[in-house]
Structures are given as structure tokens and as C-alpha cells.
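Got your viewer open? Here is a short walk through the model, one selection at a time.

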Amino acid sequence: MTRTHKSVILAKRPKDNIIPGETFKLVSDNPTPSASDLKDGEVLFETNYLSIDPAMRGWLNDTRSYIPPVKIGEIMRSGAIGTVKASKSSKFPVGSYATATAGWTEYKILKDTELQRVVVPKGGRLTDGLSVLGMTGLTAYFGIIDVGKVKAGDFVVVSGAAGATGSVVGQIAKLKGATVLGIAGSSDKVRWLKEELGFDDALNYKDKDFAKKFRAATKHLIDVYFDNVGGEILDMALSRAKPHARFVMCGGISQYNTSNPQGPKNYLMIVSMRIRMEGFIVFDYAKEYPRALKDLAQWLSEGKIKRKETIIKGGLDQAENALRDLYNGVNTGKLLVEVKPAEEQ
Ligand code: NDP
């Protein structure tokens with residue numbers, strides 16, 4: 001009897017929010033490949049964990065971007081960490097772990113050139129390959145160091161601070177001698193940032209008097225603003241920028257689920273304060289990943305970078321819910337879906 005496995009495809013592009021039962025479709029009867037289906041240089045990848053990323057909403061839009069949109073009927077694109085179950089590659093023997101853009105599927109045949117080996121550093125765990133030692137850690141690293149050019153004495157404000165990227169941004173800024181204010185969406189997240197990650201200060205943007213608290217907390221004005229969310233918080237940050245402040249434009253999650261995203265109202269501050277506002281995409285730094293991964297792995301093993309994961313169990317069926325919940329702030333640290341738990345090496 002043919003074995004089957006699940007995958008999730010894009011069924012219809014959403015206009016604004018992802019619509020349950022309409023945007024994605026779960027397909028349960030894909031025939032599962034076996035070792036005899038592999039060509040030279042290929043492996044059979046079994047998904048253990050999926051990376052759930054805010055950018056995924058953008059990949060559903062048929063617009064010009066840094067990456068082509070996911071096509072209708074195609075498996076939803078996603079980073080994943082998985083186990084090599086069958087192999088015709090000398091680089092990835094059976095049982096080895098790897099990351100790949102495998103998508104929302106339980107199994108996939110991949111070329112070995114599409115896989116990155118996962119090396120768990122001392123003090124690390126397998127899933128770090130999708131967070132601190134994966135795309136979000138790299139984004140934090142290049143964003144705050146190469147784009148933000150953070151230095152000792154800077155006052156850094158980071159939005160989305162309790163997320164996978166923001167939490168690492170703040171800790172790297174601290175390691176570089178900056179003072180750091182984090183902005184996040186709950187009192188528990190604020191506590192985590194201050195008490196466990198060592199942020200100098202943190203504020204809950206959902207508090208009624210947030211605007212007042214933000215003004216007070218930024219009275220000495222901002223040197224570097226690391227933006228993950230856009231919207232009103234970006235406007236507030238613009239109003240508190242120091243002359244020649246650096247604004248690192250990493251993302252704008254508050255504007256992802258609308259067909260009518262809004263830019264900053266306070267944009268004239270860019271002129272009057274001579275702000276350098278620069279967007280970046282982490283893939284631009286691909287050649288320099290080894291340098292960043294060396295530093296990040298060292299900081300992780302020395303306990304200088306701490307991290308959390310929010311892991312949603314229940315398999316591939318939970319991927320869509322997890323993505324919708326990401327925009328409601330369900331996660332502290334990296335959001336992952338467990339498709340099949342892996343035994344760590
Ligand atoms: P996170 O782990 O930070 O998760 C997203 C968080 O955003 C949620 O937990 C939620 O936390 C917060 N959020 C959701 N809606 C809003 C809102 N309306 N206003 C303010 N905060 C909101 O995700 P990532 O670390 O993966 O991504 C962070 C940002 O970095 C995103 O904008 C993403 O697109 C961007 N990114 C950019 C890359 C690049 O190359 N430029 C690469 C990777 C990521 P809370 O409870 O605090 O609201």
C-alpha cells in the first residue's frame with residue numbers, strides 16, 4: 001500500500017487577513033516518496049519543525065517584492081528543520097539534521113544543495129537552527145551591526161522586542177555597549193525583556209498611557225531605532241529621533257494584513273533630524289553568514305544571548321492557525337510548529 005503524507009497549499013490569495021478554510025488547503029493524500037525515488041545528490045527530508053514568519057503573509061500577495069509570491073496550488077513556502085530519512089548524497093547521510101525551505105509538508109525530496117547542515121553548538125538545541133542560528137538571528141545580527149552600526153553609548157529602541165528577531169537585536173546591542181529600550185505587547189513580555197534578557201527598559205505598547213511612557217523613556221532621544229512593526233510606534237520613534245539617528249527598517253508587521261498599508265505620518269522628521277532610514281533583507285548578507293553564525297553560536301554557548309521558543313504542537317494542521325496567531329502576538333521568542341518531534345543529536 002502506498003504511504004501518504006500531508007501538505008498545505010495556497011488555495012486563494014487573501015486581500016487582508018488570512019481566511020480560515022479559504023486561504024490554505026490541507027492535502028492529506030500525497031504519495032510519500034521512498035529511497036528508490038531519489039536521484040544522485042537528493043535526499044528525502046522529513047519535517048520536524050516549521051518556522052512561522054511574519055513575512056509569509058507578504059509571500060501570499062501577487063506583487064513585486066524581494067522574492068516571488070507563492071503560486072496558487074503550490075505548497076506554502078516555509079523554512080523548516082528536518083531529518084534526512086533516505087539519502088543519495090554523501091553530504092547528508094541518513095539521520096542527519098538540516099534546515100531547508102521545504103515548505104508546509106511532512107516530506108519532500110530535496111537536492112543536497114538546498115539543505116544546510118545543522119550543527120548544534122555547546123549549550124544549544126536543534127531548533128536554534130531556525131531561530132538564533134537561523135534567519136531571525138542573522139537578521140538581528142546584520143540589522144543592528146551592519147545597518148544600524150550600533151556602538152557603545154548609543155540609545156537603541158527596538159520594536160517587536162520580545163519576538164525572535166527583536167529579542168536578539170536588543171541583546172546584541174547590549175553586548176556592544178548600548179542602552180536598550182524594548183517595545184512589546186504584554187506585561188509578561190516586558191518582564192522577560194527586563195528581568196531575563198537584561199534590557200535596560202521595556203514598555204507594553206498596549207498600555208493606555210504608552211505614548212506618555214514612551215516620551216518619558218526616550219527623553220534623551222534615540223540614536224538607533226530598529227523597526228519590526230511600523231505603524232504608530234514608528235511615528236513615535238521618528239518624533240524622538242536624535243539628529244543623524246539611524247533607523248533600521250527590518251519589517252512592519254502592523255501593516256502586513258491589510259491591502260492598504262500606511263507609511264509614517266511623521267516622515268518630515270527624516271529631513272529635519274537628518275535621519276538615515278535604511279531597509280535591508282537578510283539574504284543580502286548570505287556570503288557573510290559564517291562570520292555571524294560564529295559570533296551568534298559563541299554568544300549562545302556563553303549564555304550572552306538567551307532565547308525562548310513558542311512551539312505549537314499538533315502537526316501540520318496547526319500551521320495556518322499558528323501563522324494567524326503570530327499576528328496576535330502568541331509567541332515569545334521564535335514561533336515554531338512541531339510537525340514531528342526530532343531526537344536531538
Ligand atoms: P516575531 O517573533 O517578532 O513575531 C512577530 C511579533 O510581532 C508578534 O509576536 C507580536 O508581538 C508582534 N506584533 C504583531 N502584530 C503587531 C502590531 N500590529 N504591532 C506591533 N507588534 C505586533 O517575528 P520575527 O522575529 O520573525 O520578525 C520580526 C520582524 O522582522 C517582522 O517585521 C519580519 O517581517 C521582519 N523580518 C525581516 C527580515 C529582513 O530580512 N528584513 C528577515 C526576518 C524577519 P507583540 O505581542 O509584541 O505584539
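A polar contact, as used here, is a pair of N or O atoms within 3.5 Å. Keep in mind as you click around that this is a predicted model.

**Stop one: the ligand.** Select the ligand together with Y256: a side-chain N or O atom of Y256 is 2.7 Å from a ligand oxygen. Now add V282, where a backbone N or O atom also sits 2.7 Å from an oxygen atom of the ligand. Then pick Y327, whose backbone has a polar atom 3.4 Å from a nitrogen of the ligand. How much of the ligand does the protein bury? Taken alone, the ligand exposes 910 Å², and 91% of that is buried by the protein.

**Stop two: the shell.** Widen the selection to the 28 residues around the ligand; T165, K189, Y205, V282 and N331 come nearest. Colour them by class and you should get 14 nonpolar, twelve polar and two charged residues. Colouring by domain works too: domain 1 (4–130 + 308–338) and domain 2 (135–283) each provide at least three shell residues. For helices, show α2 (135–147) and α3 (164–175), each of which supplies at least two. Which one gives the most to the shell? That's α2, with three residues.

**Stop three: aromatic pairs.** There are eight of these in the whole structure. Start with Y66 and F283: the ring centres are 6.1 Å apart and the planes meet at 45°, so this pair is tilted. Y66 belongs to the loop between α1 (56–59) and β4 (80–87), while F283 is in the loop between β13 and α8 (289–301), 217 residues away. Y66 is partly exposed at 39% relative accessible area, and F283 is partly exposed at 40%.

Next, select F142 and Y289, with centres 6.2 Å apart and planes at 35°, so that pair is tilted as well. F142 lies in α2 and Y289 in α8, so the pair ties together parts 147 residues apart in sequence. Buried or exposed? Both F142 and Y289 are buried. Add Y141, Y285 and W299 to see the cluster that ring pairs build with F142 and Y289.

**Last stop: backbone angles.** Most residues other than glycine have a negative phi. Go to H244 in strand β12 (residues 241–249), where phi is positive, near 65°. H244 is exposed, at 53% relative accessible area. Finish at R274, in the loop between α7 (268–272) and β13 (276–279). Its phi is positive too, near 50°, and R274 counts as partly exposed at 49%.

Terms used: Residues are numbered from 1 along each chain as its sequence is written. This is a predicted model: local features need pLDDT of at least 70, side-chain atom pairs count only at pLDDT 80 or more; totals for chains, interfaces and linings use all residues. Side-chain values use heavy atoms; hydrogens and water are left out. A residue is near a molecule or strand if one of its heavy atoms lies within 4 Å of it. A polar contact is a pair of N or O atoms within 3.5 Å; within protein, one must be able to donate a hydrogen and the other to accept it, and residues adjacent in sequence count only if both atoms are side-chain atoms. Accessible areas come from the Shrake-Rupley method with a 1.4 Å probe; for residues, only the protein chains shown count as cover. Helices (H or I, at least four residues) and strands (E, at least two) are DSSP runs, numbered from the N terminus. Ala, Val, Leu, Ile, Met, Phe, Trp, Tyr, Cys and Pro count as nonpolar, Asp, Glu, Lys and Arg as charged, and the others, Gly among them, as polar. Domain bounds come from an automatic or database domain assignment. Buried means under 20% relative accessible area, exposed over 50%, partly exposed in between (1.4 Å probe, protein chains only). Rings of Phe, Tyr and Trp (its six-membered ring) pair if their centres lie within 6.5 Å; planes under 30 degrees apart count as stacked, over 60 as edge-to-face and the rest as tilted.
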